[in-house]
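Got the model open and not sure where to begin? Let's walk through it together, one part at a time.

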Amino acid sequence: MGVHQSLMTAAQLEELDNGQLPIKLASTPLFHIPTGAKLRMAEPADAYHTSLVIGGTEFSFGGEGIRTSVPLQSHASMKNRTEVEDLGYTSAGRSPHAMMDVLAPWFQPGTYDLVCKNCNSFSDSAVFFMLGTRLASKYNRIEKLGRAGEKRVGLMSALQVIGLNYKANPHSQGFAVEDVLHRIVAYNPNSGYDPDQIAHKRKKGLSSLAVCC
């Protein structure tokens, strides 16, 4: 995204673990994707870049893996306005340090993919780890379309119409965010979250496609 971000040290992450910290979702519209007959969807779709801000630190995912920075830095080069939504607060057993330990193996450098594994895949996982809730289901619509036969063809055509020549990253194929969520439940078995309900635990939110550049 043209913005340099640096990884935090373990000591810096541990400093985040002290006390209750506000958790916020940051989202910036990227572009509009033509839908209608091509994708067989009734409503228009906008693509968003999302990240999670915990206390004074932003957590985002891109080609370099999970990155940390000052709040909203991953959105700084984007022309559209960034919206910030309050989600809740950190609690015992769900610290930023623990979140990074669990999610880092799933979101390694070089595994980013526009369709299969993007910034919203990470934000969805991070929100679930911290709060047990999900992003709006419409945030991951592009992943569903990418697995849906004829709709995938329409999706690729729609991306080309807006000038995006998508090429699949072989290191992301087979990724499913639900696998990450099951790992989170296994990490914290006393969380009270039912792993069989993972796919249904989603927050209502803005209509969007889970696209990130």
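What follows starts with the whole chain, moves on to a group of helices, and ends with a few single residues.

Before anything else, keep in mind that this is a predicted model. The chain has six helices and five strands. Follow them from the N terminus and you get the order α-β-β-β-β-β-α-α-α-α-α. So how much of the chain is buried? Of its 213 residues, 48% count as buried. The contacts tell you something about how the chain folds back on itself: take those with a separation of 6 or more, and 77% of them come from residues 24 or more positions apart.

Now find helix H2, which covers residues 96-103. Seven of its eight residues are buried, so H2 is largely enclosed by the rest of the structure. The buried ones are Pro 96, His 97, Ala 98, Met 99, Met 100, Val 102 and Leu 103. Two of the helices that H2 packs with are worth a look, and we can take them in turn.

Start with H3, residues 119-131. The axes of H2 and H3 come within 10 Å and cross at roughly 130 degrees. That angle makes H2 oblique to H3, and the crossing is right-handed. Which residues make the contact? On the H2 side they are Pro 96, Ala 98, Met 99, Val 102 and Leu 103, while H3 brings Phe 122, Ser 125, Ala 126, Phe 129 and Met 130. Sort them by class and you find nine nonpolar residues, one polar and no charged ones.

Next comes H6, residues 177-187. H2 and H6 pack at an angle of about 130 degrees, with their axes 10 Å apart. Here too, the angle makes H2 oblique to its partner, H6. H2 passes H6 in a right-handed crossing. From H2, the residues Ala 98, Val 102 and Leu 103 meet Val 180, Arg 183, Ile 184 and Tyr 187 of H6. By class, this contact of H2 with H6 has six nonpolar residues, no polar ones and one charged.

You've now met H3 and H6 as partners of H2, but how do H3 and H6 sit against each other: roughly parallel or roughly antiparallel? Their axes come within 10 Å and cross at roughly 20 degrees. Angles under 35 degrees count as roughly parallel, and H3 and H6 are therefore roughly parallel to each other. H3 passes H6 in a right-handed crossing. The H3 side of this contact is made by Ser 121, Asp 124, Ser 125, Phe 128 and Phe 129, and the H6 side by Val 177, Val 180, Leu 181, Ile 184, Val 185 and Tyr 187. The tally for H3 with H6 is eight nonpolar, two polar and one charged.

Stay with H6 for a moment. Its buried residues include Val 177, Val 180, Leu 181, Ile 184 and Val 185. Look down the axis of H6 and its buried residues fall within an arc of 145 degrees, so they line one face of the helix. The spacing in the sequence fits a general rule: an α-helix has 3.6 residues a turn, so residues three or four places apart point the same way. And what covers the buried residues of H6? The cover includes H2 and H3, the helices you have just been looking at.

Let's leave the helices and visit the loop between strand S4 (65-69) and strand S5 (83-89), where you'll find Leu 72. Most residues other than glycine have a negative phi. Leu 72 isn't a glycine, yet it has a positive phi of about 70 degrees. Is Leu 72 buried or partly exposed? Leu 72 is partly exposed, with a relative accessible area of 30%.

His 75 is found in that loop between S4 and S5 too, but His 75 is buried, with a relative accessible area of 3%. Leaving aside residues up to four places away in sequence, His 75 touches Ala 26, Ser 27, Thr 28, His 49, Thr 50, Ser 51, Glu 58 and Thr 82. Take His 49 from that list: His 75 and His 49 are 26 residues apart in sequence, with 7.6 Å between their C-alpha atoms.

The last stop is Thr 57, in strand S3 (residues 57-62). Thr 57 is buried, with a relative accessible area of 7%. Thr 68 lies eleven residues from Thr 57 along the chain, and their C-alpha atoms are separated by 6.5 Å.

Notes. Residues are numbered from 1 along each chain as its sequence is written. This is a predicted model: local features need pLDDT of at least 70, side-chain atom pairs count only at pLDDT 80 or more; totals for chains, interfaces and linings use all residues. Side-chain values use heavy atoms; hydrogens and water are left out. Axes are lines fitted to C-alpha atoms, for helices over the stretch in contact, and angles run from 0 to 180 degrees between N-to-C directions. Helices (H or I, at least four residues) and strands (E, at least two) are DSSP runs, numbered from the N terminus. Angles under 35 degrees count as roughly parallel, over 145 as roughly antiparallel, 65 to 115 as roughly perpendicular and the rest as oblique. A crossing is left-handed if the near helix is turned anticlockwise from the far one by less than a right angle, and right-handed if clockwise. Contact means heavy atoms within 4.5 Å. Ala, Val, Leu, Ile, Met, Phe, Trp, Tyr, Cys and Pro count as nonpolar, Asp, Glu, Lys and Arg as charged, and the others, Gly among them, as polar. Buried means under 20% relative accessible area, exposed over 50%, partly exposed in between (1.4 Å probe, protein chains only). The arc is that of the directions from the helix axis to the C-beta atoms.
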